[in-house]
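Student: I should like to examine how the terms applied to this structure are justified. May we set each value against its definition?

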Amino acid sequence: MIASETHAIVLKPGREKPVRQRHPWLFSGAIRRIPDELENGEIAQVATHDGVVLAQGYLNRQSQIQVRLLSWDPQEPIDDAFWRRRLEVSLALRAALPDLAGCTALRLVNAENDYLPGLTVDRYGDYLVLQAGTLGIDRRKVRLAEMLLELTGCRGVVERSDMAARRQEGLSPASGILAGEAPPPRIEITESGARFYVDLLAGQKTGFYADQRQNRQRVAAYCGGRQVLNAFSYTGAFAVFALHSGAAHVTNLDSSVDVLTAAEANLRLNGFDPDSQTENIAGDIFTILRDWQHQPERRYDLVILDPPKFATSQSTVERALRGYKDINRLAIQLLRPGGILATFSCSGLVGPGLFQKVVFSAAADAGRDLQILERLTQSADHPVALSFPEGEYLKGLLCRATK
Ligand code: SAH
């Protein structure tokens, strides 16, 4: 199809390959011309310099990613029916996934990876949490929330668009009820037979890390009879599964007193006694692990390291790598011989190969030999579109210290 030249966003010559290969992002460097009359947030055709329409997407001149592509069919109207179809496909995938029986917390829409750039939707029981990461989605979020309610039969959609990435789109944080009813302050979800409280509205951090679902099972499988250190514990999900698998004791560490209180409630909800079966310590992990180097009684059979995203932009990658190396070295030094390290990074900018190198150099500095037993990644309700390698963010290594 040939573009009606005036309305299409025109690519520079030689920049069409990623678009043809269905990468969903267009940076300013690839664009020759954006029609003046196009408003930010609007949908437009994207054409080659010689007028062939390749795709359609929404525009935001304020973002580094000026266009996010939605469709590679030049004719397809991007109307309510389009959005509904995309949501239906995304929901159908989850319904078809194995291992989700008995899980009421899951990601229903994984943005670019579900061909819905900028839109993230999580389900928690009968409520949905929507994150609008871009202007194009922000403008349409109420309509999308209404469609999601219809399609899922849920009771309400909460917005938690408080991620830093919105600033790069010229948007400020937004939260509230987008459609339906407000959830109660605390709802209960289940994951693989365990129960957890989740607070969708309040709290410094809300929700639940469903991306670690299968990894909690993998790690728990090694926990029987072991003394476990759960660093960056959040609300104790790894701890609950460790105890379900017969861990002798779990030490939870987190900088937030609130999440540790929530972890204790979750332990009780699952029939465990936080006082005798766990220890819950608030503080900075870098400081605490460093102090424990000198305390020989602080040695563990299994250490879990699940830090927040250290690398938030290219300019922070170096510092992030030093952070990952530090905590991994400190953790490895606390491992008993034969001990297991389950170490994660959710920084998309640090790929699996680089992360493995960091863990290796941490082990080398600690003077310990580690073997990789399992490589871990995000669970299948957080799929990665092959055309969008940026979608792979969570990686983990399950290692054994041979001495
Ligand atoms: N493993 C958890 C998720 C961890 S989220 C789960 O499966 O649910 C990361 C956590 O790290 C947050 O709870 C945050 O409060 C905590 N955190 C961030 N920086 C920290 C630091 N320097 N020391 C201790 N905890 C920290």
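Tutor: We may, bearing in mind that the model is predicted. A suitable start is Asp284, where a polar side-chain atom lies 2.7 Å from a nitrogen atom of the ligand.

Student: What makes this pair involving Asp284 a polar contact?

Tutor: A polar contact is a pair of N or O atoms within 3.5 Å. The value for Asp284 is 2.7 Å, so the pair meets the cut-off.

Student: Which side chain has an N or O atom 2.6 Å from a nitrogen atom of the ligand?

Tutor: That is the side chain of Asp306. Phe232 contributes through its backbone instead: an N or O atom there lies 3.3 Å from a ligand nitrogen. Because the limit is 3.5 Å, the Phe232 pair also counts as a polar contact.

Student: How much of the ligand does the protein bury?

Tutor: Taken alone, the ligand exposes 590 Å², and 90% of that is buried by the protein. The ligand is surrounded by 14 residues, with Arg216, Asp254, Ser255, Asp284 and Asp306 the closest. By class, this shell has six nonpolar, three polar and five charged residues.

Student: Why is Arg290 of H9 said to be in contact with H10?

Tutor: Contact means heavy atoms within 4.5 Å. Arg290 is listed with Ile285, Phe286 and Leu289 on the H9 side of the contact, so Arg290 satisfies that limit. The axes of H9 (residues 285-292) and H10 (residues 317-333) come within 9 Å and cross at roughly 35°.

Student: What is the handedness of the crossing of H9 and H10?

Tutor: The crossing is left-handed.

How values were computed:
Residues numbered from 1 in each chain as written. Predicted model: local features only at pLDDT ≥ 70, side-chain atom pairs only at ≥ 80, totals over all residues. Heavy atoms only, no water. Near = heavy atom within 4 Å. Polar contact = N/O pair within 3.5 Å; in protein donor to acceptor, adjacent residues only side chain to side chain. Areas by Shrake-Rupley, 256 points an atom, 1.4 Å probe, with all protein chains shown as cover. Nonpolar A, V, L, I, M, F, W, Y, C, P; charged D, E, K, R; others polar. Axes fitted to C-alpha atoms, helices over the stretch in contact; angles between N-to-C directions. Helix = DSSP H or I, 4+ residues; strand = E, 2+ residues; numbered from the N terminus. Left-handed = near helix turned anticlockwise from the far one by under 90°.
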